[in-house]
Amino acid sequence: MARSFKRTAPLLLLFGLILVSLWSSPTAVALPTIEEPGWEGLDERPVPTWYRRAKFGIFIHWGVYSVPSYCFKNSCEWYWLKIGGPRRVVEHRHAEQQLSDWHDATYGRSFRYSYFARRFRAELFNSSQWAGVFRASGAKYVVLTSKHHDGWCNYPEPTAPNWNSVDVGPHRDLVGELSDAVRAAGLEMGLYHSLFEWFHPLYLADKRNRFTTHRFVDEVLHPAMRNVVRRYRPSVLWTDGDWDAGAAYWKSTRFLTWLFEESPVRHKVVIGDRWGNDSRRHNCMFWTVENKPGVLEHHPWEECHTIGNSWGFNRRLTLEDYETTAELLELLMQTVAYNGNLLLNVGPTADGRIPVLFEDRLRAIGKWLQVNGEAVFDTVPW
């Protein structure tokens, strides 16, 4: 044993010296890094002309939250967060104790938000009827929520098994059906896709790590967004939920480089500006606002606005809570006058109907545009 050690000792010493040399060399052990693309090249791409001419689009917030369709303040699509999330702890600034109490009284304390998925059946959903209403409104494009902040997907999504409209609930590809119908009606089809998910374990882990890790982005977000782009080829990709972290965490420029250079919609797709809390107002995006700027803006921008006080359907609203046709037309005219587009939201019911009052407002706008559309569409500031 001693002789064996004497023979191997020099080799062990030599191996140790090699390791020390490698460890001390700044180039030998440097881990490979992928440099994220910058905004400079992306900003050379202007907003496509079709979008600048369109002026008027329809926004649709539809998902599991359409089942309870109830809130006391606004934004019923935030129902899960408002009632306290999975742990039912009403501690978030958007949480509502009153709504949490209502949920317990109506469904029971043990009724989880995920149970609503089985009740989201869309049994009356007729994609051609929806598309006909949108066409009659005079709108030129439609944007549907493919995924909101609760993570529910209105299409088959491998990263969300048993939490999408094909695996549970309707057992239908809602995005696919509406995309086909909208295009058949001669309109452009777009998709809303939330960057984050309130309670996804990988996202929460990245957040605890102060966004120095990217497992949620790499394993969930980017694969899902590439899936919807390849599968449905949206003309608009409307992202949201970016406010917790900067574009570096979301790896936004990496995804957009693929979108603009390699994706099947690279020549036509339009994007909003919600790609990180530090990424607003780049040249390659239309700028999103929820209150019109009140001044002429020469860069394309979009006013997203809902009929009523909730993006998802709210059963509590009364007639007085909905804007009149005259008020909506005034909003459209002011938005276009300042060089913006109006994206007007409707919230369908869980069984797949566009509420009659929403349809009435849309058809009334369409009748006005039949007479006055020349002063709206294809216009430019002067």
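**A cavity, two pockets and their surroundings**

In this predicted model, the largest cavity is lined by Ile307, Ser310, Trp311, Gly312, Phe313, Asn314, Leu317, Tyr322, Gly347 and Phe358. Sorted by class, these lining residues comprise six nonpolar and four polar ones, with no charged residue in the set. The space enclosed in the largest cavity is about 40 Å³, and the count of cavities of 30 Å³ or more comes to one.

A look at the whole chain helps to place this cavity. The chain contains 13 helices and eight strands, and its C-alpha atoms fill a box of roughly 100 × 55 × 35 Å along the principal axes. Of its 382 residues, 55% count as buried. Among contacts with a separation of 6 or more, 72% are between residues 24 or more positions apart.

We turn next to the open spaces. The largest pocket holds about 850 Å³. Its lining is made up of 37 residues, and those closest to the pocket centre are Trp78, Leu81, His92, His94 and Trp198. Helix 4 (79-82), helix 8 and strand 4 (236-240) are the elements that each give two or more residues to this lining. Helix 8 provides the largest share, with three residues. In terms of chemistry, the lining of the largest pocket divides into 16 nonpolar, nine polar and twelve charged residues.

The second largest pocket has a volume of about 400 Å³. Around it are 24 lining residues, and Trp80, Pro86, Ser114, Trp163 and Phe199 lie nearest its centre. Here the classes are eleven nonpolar, eight polar and five charged.

Since helix 8 contributes to the largest pocket, its own packing deserves a closer look. Helix 8 spans residues 201-208, and its buried residues are Leu202, Tyr203 and Asp206. Viewed down the helix axis, these buried residues fall within an arc of 100°, so they line one face of helix 8. As a reminder of the geometry behind such a pattern, an α-helix has 3.6 residues a turn, so residues three or four places apart point the same way. Pro201 and Arg208 are exposed on the other side of helix 8. The cover over its buried residues includes helix 9 (215-232) and helix 10 (247-250). Just after helix 8, arginine 210 adopts a positive phi of about 55°.

On the way into helix 8, the loop that follows strand 3 (188-194) carries glutamate 197. The relative accessibility of glutamate 197 is 10%, and because buried means under 20%, this residue counts as buried. Its side chain is joined to that of lysine 147 by a polar contact of 3.1 Å. Leaving aside neighbours within four places in sequence, glutamate 197 is in contact with Lys147, His149, Gly151, Tyr203, Phe216 and Val220. One of these partners, Tyr203, is itself among the buried residues of helix 8.

Helix 7 (residues 174-184) offers a further example of packing. Its buried residues are Leu174, Val175, Gly176, Leu178, Ser179, Ala181 and Val182. What covers them includes strand 1 (56-60), helix 6 (127-136), strand 2 (141-147), strand 3 and helix 9. Helix 9 also appears in the cover over the buried residues of helix 8. After helix 7 comes glycine 186, with a positive phi near 90°.

Finally, leucine 256 sits in helix 11 (residues 252-261). With a relative accessibility of 0%, leucine 256 counts as buried. Apart from neighbours within four places in sequence, its contacts are Trp39, Leu42, Ile271 and Trp275. Farther along the chain, glycine 373 is 117 residues away from leucine 256, and a distance of 33 Å separates their C-alpha atoms.

Methods. Residues are numbered from 1 along each chain as its sequence is written. This is a predicted model: local features need pLDDT of at least 70, side-chain atom pairs count only at pLDDT 80 or more; totals for chains, interfaces and linings use all residues. Side-chain values use heavy atoms; hydrogens and water are left out. Buried means under 20% relative accessible area, exposed over 50%, partly exposed in between (1.4 Å probe, protein chains only). Helices (H or I, at least four residues) and strands (E, at least two) are DSSP runs, numbered from the N terminus. The arc is that of the directions from the helix axis to the C-beta atoms. Contact means heavy atoms within 4.5 Å. On a 1 Å grid over the protein atoms alone, a cavity is a set of points where a 1.4 Å probe fits but cannot get out, and a pocket is an open set with protein on both sides within 12 Å along at least five of seven lines; lining residues have an atom within 4 Å of a point. Grid points are joined across faces, edges and corners, and a volume is the space filled by probe spheres set on the points. Ala, Val, Leu, Ile, Met, Phe, Trp, Tyr, Cys and Pro count as nonpolar, Asp, Glu, Lys and Arg as charged, and the others, Gly among them, as polar. A polar contact is a pair of N or O atoms within 3.5 Å; within protein, one must be able to donate a hydrogen and the other to accept it, and residues adjacent in sequence count only if both atoms are side-chain atoms.
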